[in-house]
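Visitor: I would like a close look at the open space in this model, and then at the enclosed spaces. Please start with the largest pocket.

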Amino acid sequence: MDARVESSRGSGPAERASAPGHDPYHHLHDEAYAAPFAAGRVGWRDMLAMAGRRAESLDGVWNFVLDLHDEGLRQRWYEDAPAPIAGWTAPRDHDDGDWQTTTVPSCWNVARPEWTYFEGGAWYTRSFGHEPRLPGERTFLRIGAANYEARVFLNGVFVGAHRGGSTPFFIELGGHLVRGANRLQIQVDNRRRPERVPMNHTDWFNYGGLYREVGLVRVPGIFIRDFGVALVPGSHGRRIAIDVALSAPIDGVVEVAIGGLAEAIAVPVAAGAGRVEITAAPELWSPANPRLYEVEARFGDDRLHDRVGFREISVAGQRILLNGEDIFLRGVCVHEDDVATGKATSEADIRRRFADAKALNANFLRLSHYPHHELAAKIADEEGLLLWQEVPVYWAIDFANPDTFADADNQLREMIRRDRNRASVIIWGVGNENADTDERLAFMSGLAASCREMDPTRLVSAACLINREHFRIEDRLSEALDIIGLNEYFGWYEPSLDGLKQLFANSDLDKPLIITETGADAVAGHAGAPGELFGETHQSELFGKQLDLVADAPYVRGFCPWILYDFRTERRQTALQRGYNLKGLIAADKATRKKAFATLSERYSELAQQQKPAGASPAKADQNACKAAPDGHDPRGG
Ligand code: GCB
């Protein structure tokens, strides 16, 4: 931790003002004020496996204040002991006895109309009581997600920071935690920046705040930091690998039990890490049979408990195999977005999402464009839905910037660490619609390599664009991917569907492809004539026509329309849209189903019955007269 931040501990404005050599105006000229906090940044290595651990909730009402100019960091508000104005010995620019309040978790944008478009820093403060329970115990603050950057202060001392808006992080409170009342302050900053992940340009709303659960986690002095249990790839469901990492580089044994399969597995640990493989024949997890096993891991006083499914996902030529069997992914994309709660997600909202996906006869969801709430994968495990999870490497990321890579890579690893035991998650997505440049190739190949290093049990993909010069599905990144994702909007941004026909005819893939997005805006309740933009009829017919074309492209092994629900985005400002993307199959009220919902539901039902045959030889470019679109024009300017 940075010395300047440490040494400031405990000094309030009065003490500072009277300190020899103190310049009370220094902060006016200090543009490096935020730099020290970067030194205390936590990341994926600081995470704790939560499996079965209970957090002492810090959710509820917090004091809250907006801080557009970062005065709190510049002037070190966190050092000021709360006091009524009458008790101040030097002026302050904040009065924490008089702050507003807000609820955690929530997004400030939906809390008050005047906060809707606020982008900047804001402070959350609350106190909590603490009593140690066991000798040697350690206490961590767990924040489910804070968009985008968070800096945490306990009892006036900076204790850690995090960046990345959709993954959990853990900060050890250590010796700064006192018996009795403690004062916690968290500065959250949702400013969009060109070098962050995502960058400043996205097609979703930039909600800010502590929008997932916050709590304290107590663990013994040495605890199980990471824990994975999964089928060994290629073992045909006959071998299970268990790996553990302890919080200290010691030797020992972690005991693991998999209910009904193996009751006492000893995992020897050397220098803090251990791995064993056992022979077993678990009942395999699948959408038709989402069988979960009770798994327990014990080390000393530490105990983890999880419910884990065993399944194998792989590719063979153009096919995707689940437990060795060909599967066609009948998907739909979904954002975390809600008219009332913004990006804050409840269990009920996730369950509704999945109920709608099932009513659509889908077996797959693309959780776009960032890691969703951890409950999503847990519930998908129970309900037998397959998931794609991704990091927000979206559009024009600053691919040449090593610090941007470090940020993206950390978010990716945090997502993998969090959800590594979720059978439902079959694909990690490393990016969305990024132009095929050398820098992007290196950046995203690096992310794909991180996925493989951390997790050999899942497939890696990215939502790619087409090569406009050759008018083919062609992306240099595909070398690094197991599945090619393709976002295409033939029938919308590119009005003619002939383009899709040409594209399939021109392309020859040796890997499976998922249409990771396609769709059209439709105003709920406005039928419109066939082909009429923004009409439900056009949207509905489009999916039927797309699926007809897909049937002729043997390498297409998944179809994932954009999107389940209409969602908020400031990029859309016609009178019809007014801040909403209307490509939902269901309106933003999450109740009004558009015509396309029934159409897709029927088509998916047929597909489920037929299970699209795979493995036929791909269409050959030279068998078709189709050529590149004349000028290589990208209708969306990408
Ligand atoms: C895309 C993006 C998605 C947008 C969508 C649209 O390709 O990946 O984030 O919302 O198109 O509606 O244009």
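Visitor: Which strands and helices each supply at least two residues of the lining of the largest pocket?

Guide: Two strands and two helices do so: strand 12 (214–219), strand 13 (224–231), helix 7 (374–383) and helix 8 (402–419). Here helices (H or I, at least four residues) and strands (E, at least two) are DSSP runs, numbered from the N terminus. The model is predicted, so local features need pLDDT of at least 70 and side-chain atom pairs 80 or more, while totals for chains, interfaces and linings use all residues. Residues are numbered from 1 along each chain as its sequence is written, and side-chain values use heavy atoms, without hydrogens or water.

The volume of the largest pocket (an open set of points on a 1 Å grid over the protein atoms alone, with protein on both sides within 12 Å along at least five of seven lines) is about 710 Å³. Its lining comprises 31 residues (each with an atom within 4 Å of a point), and those closest to the pocket centre are M50, A51, R142, E374 and K378. Sorted by class, 15 residues of this lining are charged (Asp, Glu, Lys, Arg), 11 are nonpolar and 5 polar.

Enclosed space comes next. The structure has 4 cavities of 30 Å³ or more, a cavity being a set of points where a 1.4 Å probe fits but cannot get out.

The largest cavity holds about 210 Å³ of space. Nineteen residues line this cavity, and N147, Y148, P198, W204 and N206 are the ones nearest its centre. The lining divides into 8 nonpolar, 6 polar and 5 charged residues. Domain 1 (13–219) and domain 3 (328–610) both contribute to that lining, so the largest cavity lies between them; the bounds come from an automatic or database domain assignment.

The second largest cavity contains about 70 Å³. V229, A230, G309, R311 and A423 lie nearest its centre, out of 13 lining residues. With 3 residues, strand 13 gives the most to this lining; strand 13 is also one of the elements that supply at least two residues to the lining of the largest pocket. The classes here are 6 nonpolar, 4 charged and 3 polar. The second largest cavity lies between domain 2 (224–308) and domain 3 (328–610), because both give residues to its lining.

Technical notes:
Grid points are joined across faces, edges and corners, and a volume is the space filled by probe spheres set on the points.
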